[in-house]
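Visitor: Please take one part of this model and go through it closely. I would like the packing and pairing described first, and the surroundings after that.

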Amino acid sequence: MTDTDIIVVGAGPAGSCAAIAAAKAGKRVVLIERGPFPGSKNMYGGVIYPRILDELIPDWFEHAPIQRWIVRRSTMLLSDTGALNIDYRSNAWGQAPYNGATAYRPDFDNWLAQQAVAAGAELICSTTVTGLLRDAQGRINGITTDRPDGDLTASVVIACDGVNSFIAKEAGLYKAVDASNYTLGVKETLSLPKSVIDERFGVRDNQGVDIEILGGTSGVNGGGFIYTNLDTIAVGVVLKLPKLSAQKKRPEEIIAELKRHPAIAPLIEGAEVIEYSAHLIPEAGLDMMPKMVADGLLVAGDAAALCLAAGIWLEGVNFAMASGMYAGQSAAQAMTAGNTTAAGLQTYTKKLNETFVLKDHKKLRKIPHLVLSDRVQHKYPGFVTGIVERMFRVENPHPKPGVRRILREERKKAGISLMDLVRDALTGLKGFG
Amino acid sequence: MSLESLRAANNIERDTTWAELSFQERIDTAEFRIHERAHITVNGDSCRGCTTRECVVACPANLFVPTSDGGILFNYENCFECGTCYMVCNEAGAITWTYPEGGYGIVFHRT
C-alpha cells in the first residue's frame, strides 16, 4: 500500500491543475511545494490565457485574482531611436468570456493551488523534493524530501518542478542540457498610481495592456516586455543565455537601457522599482523537450519545456495548466486501469499530441529559432523601422521616393541580402502556418 | 514670467526621469529567507583556471565576484534560484547547485 495515490511535485499552474484533475477523478493526491506558499518561486513575462481552465474550473474568471484583462495587445519593434508599434485593441477582451489577463503569480498560483485543496488534494508547502524512489523493478514509486522521515510513496509521480526539473533529469528524460535552449527573464515591478497608468496606456477600470518588444535588448538576442497590473507596471527583458554571458552588459543594465528608450521612458516616468525578479525560460520549444513519460512518472509544464516562445505568441502558463490537467487525468486513468508503467501512462502523450499543447509546438517548431536568430534580432528591427521612418518623413521640396526604392535602400543599409530576406520570409510564412 | 523662466519651461529635453538604483537597493526589493546551509557552492580551484567567467556577467543577482588573486567570491544568500550560473558555466564541477531547504530562499510577491 502506497502512502498516497499520486504525488504532484510543484504547486505552480501545471502542478495545481494536475492535482485538481487527479483529485476530481477520485484519487488521493499530495501536492508538494518547496516555497512557503504556492507561487512564491514564480515569475513570468506577463499574460495568462486561462481559457483551458473552463474544463476544470468553469467559473474561474469570477474568482481568479486577476490584475487586469488585456484589451490592448501590442508588438513593438525598436531601433536605437525609433519604434514601430502594431497595436490591436478590443474592449470585448475585457468582458466575459475574456481572453488574456495579467496577475501576480504568487496570487494566481496560490489561488489555483487552493482550488486543488478544495477538490480534495493535500497541499504541503515548505518542502523540497530531493530525489525519486524506485521499486525493485526500477519503477518510480515515490519521492524523497528534505523533511525528517519525509519519504513518500505513490503509484504515480507527476513532475511539475519547473524549468530546472531535477526530477526529469534524475529520471533520465532529458538529453544533455544545452544553455542555448534557455533565456533568462529579468523583470522590474514598478509602482505608479492606477489613474496614471490608465491615462498613459489609454485604458479604464481593469482593462490592461501588454507590449511585447523586439529589439531594445542592447544587442543581446532576446526581447522585451511591458505590461500593466492595477497599480504597477512590469518591464523586463528575456536574454538568450550564451549571448548574454558572451558580452559585458549585465541583465539589470539591459533593462535600464530599455527603460531609457524614447518610446518607453514616458510610459514609466516617475515609477519606483518595488520588486526585482529573475527566472529561466525554456525557449526552444519542441527541439528541447524531454521524454514526458516513464514508469510511474509524468512530466508537465516548464519541467517538460512546454513554453511557447514564438515571437508574436509568447505563452507558458496556459501550456502548463493544460499539460498538468492532462497529466492528472492520465495518471488517474492509468491507476484505475491498474497499469502505471510508461505504457499505461501513454494516454498523456496521446492527449498532448491531440491538443494545442503539442500541435502548436509542432506547427511553430522553427519559429523560436527564427525569432532569436541574429538577423531577426540585430538587423530586422532597424530595417523595418528605417522603412517606416522614410515613408512618413516628408522631405519637401523633394518628392516622395517610391516604396520599392525605400525597401531596396533600407535593406542594403541594414546589410540584409535579398536571398536571406526571402529565406526568412519563407521560414516565417511556413513556420506560422 | 521672465524670459529666463520661459526658456526653462521651453526646455523639454529630459534625461533619466527616475532615480537609478544601486545594485544593493535593487536586490533589497526582493525578499530572501536565508537558510544557514549554502544551497550552491563554488569550487574556487576550478574558477582559477577559467578565463571566460560567464557567471560574473550573467547572474541576475550579481553573486559571482572576481577576486584579485584570480578566484571567484560567491555568496548564496541573495540567490533567485534561477539556474543561470550552472547553465552558462563551462568548468565541470565548479558549481554544485541544489534548491534551498523548503520554505527558504527567494520569496516573490508581485511578480
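Guide: What follows is a close look at one domain of chain A, and then at the parts around it.

This is a predicted model, in which local features need pLDDT of at least 70 and side-chain atom pairs count only at pLDDT 80 or more, while totals for chains, interfaces and linings use all residues. Residues are numbered from 1 along each chain as its sequence is written, and chains are lettered from A and ligands numbered from 1 in the order in which they are written.

Chain A is divided into domain 1 (6-67 + 103-174 + 290-362), domain 2 (179-282) and domain 3 (373-431); the bounds come from an automatic or database domain assignment. Domain 1 is the part taken up here.

Helices and strands are DSSP runs numbered from the N terminus, with H or I over at least four residues for a helix and E over at least two for a strand. Two strands count as paired if DSSP finds at least two bridges between them. An open sheet of 6 strands in chain A has the order 6-2-1-10-17-16, with mixed pairing. Its edges are strand 6 (122-124) and strand 16 (293-294) of chain A, each of which pairs on one side only. Within this sheet, strand 1 (residues 6-9) and strand 10 (residues 156-159) of chain A run parallel and are joined by 4 bridges. Ile6(A) is placed opposite Val156(A) of strand 10.

A second open sheet of chain A has 3 strands in the order 7-8-9, paired antiparallel. Strand 7 and strand 9 (152-153) of chain A are the edge strands, each pairing on one side only. Strand 7 (residues 129-134) and strand 8 (residues 140-145) of chain A are antiparallel, with 5 bridges between them. Leu133(A) has Gly142(A) in strand 8 as its bridge partner. These two strands form a hairpin with 5 residues between them, and Gly138(A) in the turn has a positive phi of about 85°.

Next come the helices. Helix 1 (residues 13-24) and helix 9 of chain A pack at an angle of about 30°, their axes 7 Å apart. Axes here are lines fitted to C-alpha atoms, for helices over the stretch in contact, and angles run from 0 to 180 degrees between N-to-C directions. The crossing of helix 1 and helix 9 of chain A is right-handed; that is, the near helix is turned clockwise from the far one by less than a right angle, whereas anticlockwise would be left-handed. Residues are in contact if their C-beta atoms, placed from the backbone, lie within 7 Å. On helix 1 the contact includes Gly15(A), Cys17(A) and Ala18(A), and on helix 9 it includes Ala320(A), Gly324(A) and Gly328(A). By class, this contact has 15 nonpolar, 5 polar and no charged residues. Nonpolar covers Ala, Val, Leu, Ile, Met, Phe, Trp, Tyr, Cys and Pro; charged covers Asp, Glu, Lys and Arg; the others, Gly among them, count as polar.

Helix 9 (residues 317-337) also meets helix 10 (residues 347-354) of chain A, where the axes come within 8 Å and cross at roughly 145°. This crossing too is right-handed. Helix 9 contributes Ser323(A), Tyr326(A), Ala327(A), Ser330(A), Gln333(A) and Ala334(A), and helix 10 contributes Thr347(A), Tyr348(A), Lys351(A) and Leu352(A). These divide into 5 nonpolar, 4 polar and 1 charged residues.

As for the surroundings, the centres of domain 1 and domain 3 of chain A, taken over C-alpha atoms, are separated by 44 Å. An unreviewed UniProt entry places "domain: FixC-like C-terminal" at residues 370-430 of chain A; UniProt positions are given in the numbering used here, feature names are shortened, and annotations may be inferred rather than shown by experiment. That span is 75% helix and 0% strand, and its end C-alpha atoms lie 12 Å apart. A cis peptide bond joins Asn396(A) and Pro397(A), with omega about 10°, and Pro397(A) is in the loop between helix 13 (374-392) and helix 14 (403-414) of chain A.

Finally, the contact between chain A and chain B takes 45 residues from chain A and 31 residues from chain B. Strand 15 of chain A gives the largest share of the chain A side, 8 residues.

Definitions and conventions. Contact = placed C-beta atoms within 7 Å.
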